[in-house]
Amino acid sequence: MKHHLFWPLTVLALLLLFNLLYDPSFFSIKIRDGHLYGTLIDILNFGAPLMLVAIGMTLVIATKGIDLSVGSIVAITGAMACLTISKGADQNALGLVLTAVGLSLALSLALGLWNGFLVAGVGIQPIIATLILMVAGRGIAQLITSGQIITVTSDRYEYIGAGALFTLPFSIFIVAAVFAAASLLTRKTAIGMFIEAVGNKPVASRLAGIRSRSVVIAVYLFCGLCAGIAGLILSSNVSSADGNNAGLWYELDAILAVVIGGTSLNGGRFYLAGTVIGALIIQTLTTTIYMTGVPPEITLVVKAFVVLVVCLIQSESFRKTLTHRWKTRRYPAEKELTRHA
Amino acid sequence: MEERLPILQMKDIYKQFPGVKALSGVQFRLFPGEVHALMGENGAGKSTLIKVLTGVYAIDRGYVELEQKRIQIQSPQDAQAAGISTVYQEVNLCPNLSVAENIFIGREPRRLGRILWKELNRAAAKLLEERMNLSIDVSQPLHSYPIAIQQLVAIARALNISAKVLILDEPTSSLDRGEVRQLFDVMNKLKREGLAILFVTHFLDQVYEISDRITILRGGEFVGEYAASALPRIELVSKMIGKELELLEELPKLQAEAGDEGGEIVLEARSLGRKGAVEPFDLSIRKGEIVGLAGLLGSGRTETARLLFGADRADQGTLRIGDTGSVHTPRQAIDQGIAFCSEDRKGEGIIDDLTIRENIVLALQASQGWFRTISKKRQSEIAEQFIEALNINPPNPDQLIKNLSGGNQQKVLLARWLLTDPKLLILDEPTRGIDIGAKAEIQKLVMSLSEKGMSVLFISSELEEVLRVSDRIAVLRDRRKVKEMSGDEMSEQLVLKAIAGGGEG
C-alpha cells in the first residue's frame, strides 16, 4: 500500500512540473528589501487562509460532519477586527490591534460553539446546522460593517497578513503554528483517536464510553477558530473588511482540500498534512490558471475539470477500474493466441 | 385438510453461498386458508428461504410450484406478479407519504395523467375498512400512526397488489400485546377468506396461537413439517436447537463449584423493564459469579443486557450497582465498572478505521478523558500483552482491526473491556460466528476471570455453552424472564422446558 500522501504529492508535483515547462520563471525567487518575492511565495501567502480553514474543516469532516459556515465566519471576524480598529483614535496602537484580534477570535469561537451546539446539542444534521450560519453570517458581517467596506490604516494590523518574518510572509508562520498545534493535540493526546472513533462508528463509540457530544462540539469550536484566524489574515492583507465578498466560497475550497488530502467525507481517519497539501494544490492551480492566461470566463471550468481529475485519481476504485479495463482489453488477443496454439 | 392441494410448494431447494450451504434439500408447502409458521434459530435458513421465494436470490437446485404450475421467480417483481407478497419486519413504506398514497403508490387511479386524489383516498379507506377492519384517516402521513397500524397498512398494500400468498417476516417483533392481538385478528380474517400466510416469528406463544402448521429448519436443512396441534412446545424447541431430548446427556461441568452464595452483590435490578424491549425483571449478580442468560433469539436477552449497561434507558424499575446509584448511559455504566461486549460486533463493537492497539485502549482512554493520554509506547505494550494472552492473530498491534477475522476481532473487543478491569462483564454472544478453537479459548477465559473475582453475564444461543460456563442461569421467553436456576437444577432438559414454556410439553 502506498503512503497516504503519495497521490496528493504526485498531483502537486505534476502541477509544479507543468509550470516549470510552461514558464520557468514560476520558480524564480528574488530578494527585495530583505523579503523573498516570487510566485511560490505568493502561493504560500495567499494560500494561508485556505490552509487554515481546511485544517479546521478536516477535524469536522473526520467526525462525519461538515462546516459550511467557515466563509461567513471569515467575513465576520474580518469585519469585527476592522470595525474595532477603525473606531480607535490611533489605529496603529498595539493595544487596539490586540483588542481587535482578541475580540474577533472570541467571536469566531462563539460562532463555532453555536455550530457545535446545533449539531451535537440539538441534533441537527451538520450540513443544515452550518448552513444556517453560512447564510445568516453574511448578514451579520454586513451588519457589522453597515454594508460598507471598512478600510483601516494600521501597520501593526497589516503585519498579520502582509508582514514578513525572517524574510517570509508572517501568515506562513501562523499556518505552521496552527498546523503544529492541531497535529500535537490530535496525535499526542487522545482527542484524535476519539474524533476518528466518533466519525467512523458513532454507536460503537458511545458503547465504548466516549462522550461524543463534547468531541463534536470541540471540533466545530476549533474549526470556527481556524476560520477566525483566516479572516484576520485576509482582511489584514488588504487592510479592509468586505462583508459581502471576504471568504466567499471558502467552505467549498476547504472541503475540496480536505478530500484531496485523503480524508473521507464518511468520517474516520483524517490526514492534516494531506489537507495542507490539498490546499496548496488548489492554490497552485488557481495561480497557474491565472498565469497561463486562461480567459477569465472559463477559469472556473478549467479549475473544476482539474479538480475532477484529481478526485478521480485519488479514488482507489477508479484506479482499479482503469487498470482493469486496460488489462482486460488484451484478453481477446490472448484468447486468439491460445486458440492458435 | 390434507385432501386439498397446496397453493405453494417448494421442492428440494438448494442454495449455496461462497463457503456456506444456506439451504440444502428444503421442502415447504403452503395451503390456502392456513397460517404456516417457519421456525428455526439463527442461520437455520429462514431468511434465505424467504428470499428465494420472493426472488431476491436465485435457487441452485429444486423448484417452486404455485397452484401446481412451476414458476420461475427471478426478481421481487416476478414474485409479486405471481401473487406472492411480503411484509418485512421493518415496515418499508414511505413514512412521509399519506396512508392512501402508500397503499396505491405506482398504481394511483388517474385520468389524463392526473391523480384522482378523492378516488385514491376513498379506495384506500374502503380497502382498510373491508380487509383490515381498520378505519383511520388515510390522508394523514403514515408516520403519524403507530408501528402496528403501519404494519397493517403494509399488509393492505401487499394484498392489494396481489394476494395468493402473504409472507409476514417477524411482523410482531416491535408490537405490544394489544397490537399483536389486532394483527392476529386481521390474520385470522384473511385466513378465513382463503389467503395462505407464511409467518415468521421468534415468539413461541404466538406460533401456537395463530399457526396451523409448522415447518422447522436447522442449519439450512429441512427438519420436518408438523401440524401445530401435534407438536408439543418442548419438542419444537429441541428440534430447533437440534437436541433430541432422549439423547441428552449431562455435560461434564468444568467449574468446581457453583458461585458462592455469600459474595457481595455487584448488580441488582428490580422490576427493571422497557416497553417494547423487555418486561420488568429482577436480577442480581454476585461477585465472581457467572450468570447465563438463555432463551431463543428475540426472547429479550440482548435487550436485558442493554438495559443493564445503560445503552437503552429503562422506563421502569431500579438498577443498583455496588453501593452507588443507577445507570442511565454507557459512560456511567463504565464508570461503575460494567463492561458490555455487544453481539453486533461489526456495528457496535469494532471501530474499523482504528488499529488493534487503538481499539484495545479505546474504552480505558475514554474513561481517562482527553488529556490523560496513554502514551503510544504504553499502548503498544498493552496491546502486545493482550495479543499474547488472548492469542490474537495477526500479532501486530498496528494492524487495522477491519482486516481481522471475526474471532480475532472478538478477542480484541474482549481485551478492550478487560483492560478497564470491570467488576461485571456482560458478554452478548461472544462466541457467535467464530471457530471452535477461539470459542473454547473464550469460554476458558470467562471462567478464569470469574475465579479472579470478576462477575460475568453470559449470553449465548448455544445452550451447551451457557450450561458449561454459568453458575446460575436466567431463562427468558417472549421478552420475559421466566425462570432462574442454579446448581443441580441446571440441566439442559429443564432449561429447554423453561424456554419452551406453555403446556410444559
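Which residues in H3(A) meet Tyr250(A), Glu251(A) and Ala254(A) in H11(A)? I'd like to begin there, and I should say at once that what we are looking at is a predicted model. The residues on the H3(A) side are Val70(A), Gly71(A) and Val74(A). Helix H3 covers residues 70–87 of chain A and helix H11 covers residues 250–260, and the two pack at an angle of about 125°, with their axes 6 Å apart. Because angles over 145 degrees would count as roughly antiparallel and those from 65 to 115 as roughly perpendicular, that angle makes H3(A) oblique to H11(A). By class, this contact holds four nonpolar residues, one polar residue and one charged residue.

Let me stay with H3(A) and turn to another partner, helix H5, which runs through residues 126–144 of chain A and packs against H3(A) at an angle of about 15°, with the axes 8 Å apart. That angle makes H3(A) roughly parallel to H5(A), and the crossing of the pair is left-handed. If you would like to follow the contact on the screen, H3(A) contributes Gly71(A), Ser72(A), Ile73(A), Ala75(A), Ile76(A), Ala79(A), Met80(A) and Leu83(A), while H5(A) contributes Leu133(A), Met134(A), Gly137(A), Arg138(A), Ile140(A), Ala141(A) and Ile144(A). Sorted by class, that gives eleven nonpolar, three polar and one charged residues.

H5(A) also meets H4(A), and here the axes come within 9 Å and cross at roughly 145°, in a crossing that is right-handed. From H4(A) the contact takes Leu111(A), Trp114(A), Asn115(A), Leu118(A) and Val119(A), and from H5(A) it takes Pro126(A), Ala129(A), Thr130(A), Ile132(A) and Leu133(A). Eight of these residues are nonpolar and two are polar, with no charged residues.

A few words on H4(A) itself, which comprises the 29 residues 94–122 of chain A. At 1.5 Å a residue, H4(A) should span 42 Å, and since its end C-alpha atoms lie 40 Å apart, the expected and modelled spans agree. There is nevertheless a bend of about 25° in H4(A), at Gly116(A), and just after the helix Gly123(A) takes a positive phi of about 85°.

Finally, I turn to the contact between the chains, which takes 20 residues from chain A and 23 residues from chain B. On the chain A side, the elements that give two or more residues are helix H8, at 191–200, and helix H9, at 202–207. The residues on that side of chain A divide into nine nonpolar, five polar and six charged.

Key: Residues numbered from 1 in each chain as written. Chains lettered and ligands numbered in written order. Predicted model: local features only at pLDDT ≥ 70, side-chain atom pairs only at ≥ 80, totals over all residues. Helix = DSSP H or I, 4+ residues; strand = E, 2+ residues; numbered from the N terminus. Expected span 1.5 Å × (residues − 1). Bend = angle between axes of the 7 residues up to and from the residue. Axes fitted to C-alpha atoms, helices over the stretch in contact; angles between N-to-C directions. Parallel < 35°, antiparallel > 145°, perpendicular 65-115°, else oblique. Left-handed = near helix turned anticlockwise from the far one by under 90°. Contact = placed C-beta atoms within 7 Å. Nonpolar A, V, L, I, M, F, W, Y, C, P; charged D, E, K, R; others polar.
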